[in-house]
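This report describes the fold and selected local features of one protein chain. Please consult the sequence and the structure alongside the text.

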Amino acid sequence: MNDITMKLNADKYILMALQEDITSEDVSTNAVMPNAQKGTVDLIAKEEGIIAGLDIFARVFTLLDESTEISFQCKDGDKIQKGQLLATVTGDIRVLLSGERVALNYLQRMSGIATYTRKMVRLLEGTGITLLDTRKTTPNCRIFEKYAVKVGGAGNHRYNLSDGVLLKDNHIGAAGSITKAVEMARAYAPFVRKIEVETETLDQVAEAAEAGADIIMLDNMSPEMMKQAIDIIQGRAQTECSGNVTRENINQLKALGIDYVSSGALTHSAPILDISMKHLHAI
């Protein structure tokens, strides 16, 4: 993340995380380190994976004390190995101790998402299909999780509700029909916004195509049904497959000719990557 993005969007969430962890004081640290003492600690990988979130990791410490120094031995997107030295953090030992958990929570979570995403992307190599995330993110962590998805090699779907038009089943129910919902969205939304329609049946697919949807989401359809849907669309709209897409079943989608696959699993089911801070000592 660049400095502007960090200051405008990320800092407030990092500060909230620190405030959640330190409501008044860090009792343990203050008990053993009553006065300032410069020290250093190593950031070590405990398993293989894709690293993501190094700038966020560093920002936790520099928000606590801007004089904290972080020397990285890798960059976001790198494949790391078990036992690898990733960085050295130098500063007031009280800052190193108080910021450790929050910094690691971000780095482990983001690296886990990047690692899981990279594995999913590789399963789609050579197909022309673009893998996307969803809005199924942890509250107040979307900026970090969607960034990690991009580090892993996938793309971002809508960032939030202001980012595009996606007419789901309840929007369609509110409007009365797919045709009416698309018509109303076309009249209301800025012309630069694409209109996507979620469909669950072949009749809905046909109606969405006739209504002029830019993207048609094929939601929770079997591979056979999706093939029929693509035949109905006949290139009139881009296609997106969605609904419980995971590493275990993504291979079934590779030969269908769809444009996009969106997967909530990238953010809601990726396990963390095990990373720790070790060898803290005074200098």
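The sections below proceed from the whole chain to its sheets, helices and individual residues.

**Overall description**

The model is predicted. The protein chain contains 10 helices and 12 strands, and its C-alpha trace spans about 70 × 35 × 25 Å along the principal axes. Of its 283 residues, 46% count as buried. The accessible surface of the protein chain amounts to about 14100 Å², and carbon and sulfur atoms contribute 49% of that area. Among contacts with a separation of 6 or more, 70% are between residues 24 or more positions apart.

**The antiparallel pairings of S5**

Strand S5 comprises residues 85-92 and is mostly covered, with six of its eight residues buried. Strand S1 (residues 38-45) pairs with S5 in the antiparallel sense over seven bridges. In this pairing, Ile44 stands opposite Leu85 of S5. Strand S3 (residues 69-72) also runs antiparallel to S5, to which four bridges join it. Here Glu69 stands opposite Thr90 of S5.

**The parallel sheet**

Six strands form an open sheet with parallel pairing, in the order S6-S11-S10-S9-S8-S7. Its edges are strand S6 (130-132) and strand S7 (165-167), each of which pairs on one side only. On average, neighbouring strands of this sheet are turned by 25° against each other, direction ignored.

Within this sheet, strand S9 is largely enclosed by the rest of the structure, because five of its five residues are buried. In a regular strand, side chains alternate between the two faces of the sheet. In S9, Ile215, Met217 and Asp219 point one way, whereas Ile216 and Leu218 point the other way; all are buried. Four bridges join S8 to S9 in the parallel sense, and Glu196 stands opposite Ile215 of S9. Elsewhere in the sheet, strand S10 (residues 238-242) pairs in the parallel sense with strand S11 (residues 260-262) over three bridges. Tyr260 in S11 is the bridge partner of Glu240.

The strand pairings described above are collected in the following table.

| Strands | Sense | Bridges | Facing residues |
|---|---|---|---|
| S1 and S5 | antiparallel | seven bridges | Ile44 and Leu85 |
| S3 and S5 | antiparallel | four bridges | Glu69 and Thr90 |
| S8 and S9 | parallel | four bridges | Glu196 and Ile215 |
| S10 and S11 | parallel | three bridges | Glu240 and Tyr260 |

**Helices**

Helix H7 (residues 178-188) lies across S7 and strand S8 (195-199), and runs at about 160° to S8. Helix H5 (residues 142-151) is mostly covered, eight of its 10 residues being buried. The buried residues of H5 are Arg142, Ile143, Phe144, Glu145, Lys146, Ala148, Val149 and Val151. Gly153 follows H5 and has a positive phi, near 110°.

Ala209 belongs to helix H8 (residues 202-211). Its relative accessibility is 8%; since residues under 20% are classed as buried, Ala209 counts as buried. When residues up to four places away in sequence are not counted, Ala209 touches Ile216 and Arg236. Ile216 is one of the buried residues of S9. By contrast, the C-alpha atoms of Ala209 and Asn105 are separated by 44 Å, and these residues are 104 residues apart along the chain.

**Positive phi outside glycine**

Most residues other than glycine have a negative phi. Asn220 has a positive phi, near 55°; this residue lies in the loop between strand S9 (215-219) and helix H9 (223-233). Gln234 likewise has a positive phi, near 50°, and is placed in the loop between H9 and S10. Is Gln234 buried or exposed? Gln234 is exposed, because its relative accessible area of 66% lies over the 50% limit.

**A nonpolar surface patch**

Which residues make the nonpolar surface patch of about 240 Å²? The patch is made by Val32, Leu97 and Leu280. Of these, Val32 lies in helix H2 (residues 27-32). Val32 has a relative accessibility of 59% and therefore counts as exposed, the threshold being over 50%.

Key: Residues numbered from 1 in each chain as written. Predicted model: local features only at pLDDT ≥ 70, side-chain atom pairs only at ≥ 80, totals over all residues. Heavy atoms only, no water. Buried < 20%, exposed > 50% of the residue type's maximum accessible area, 1.4 Å probe, protein only. Helix = DSSP H or I, 4+ residues; strand = E, 2+ residues; numbered from the N terminus. Pairing = 2+ DSSP bridges. Patch = residues over 30% accessible without salt bridge, like charges linked within 9 Å, V, L, I, M, F, W, Y side chains within 5 Å. Areas by Shrake-Rupley, 256 points an atom, 1.4 Å probe, with all protein chains shown as cover. Salt bridge = Lys/Arg side-chain N within 4 Å of Asp/Glu carboxyl O. Axes fitted to C-alpha atoms, helices over the stretch in contact; angles between N-to-C directions. Contact = heavy atoms within 4.5 Å.
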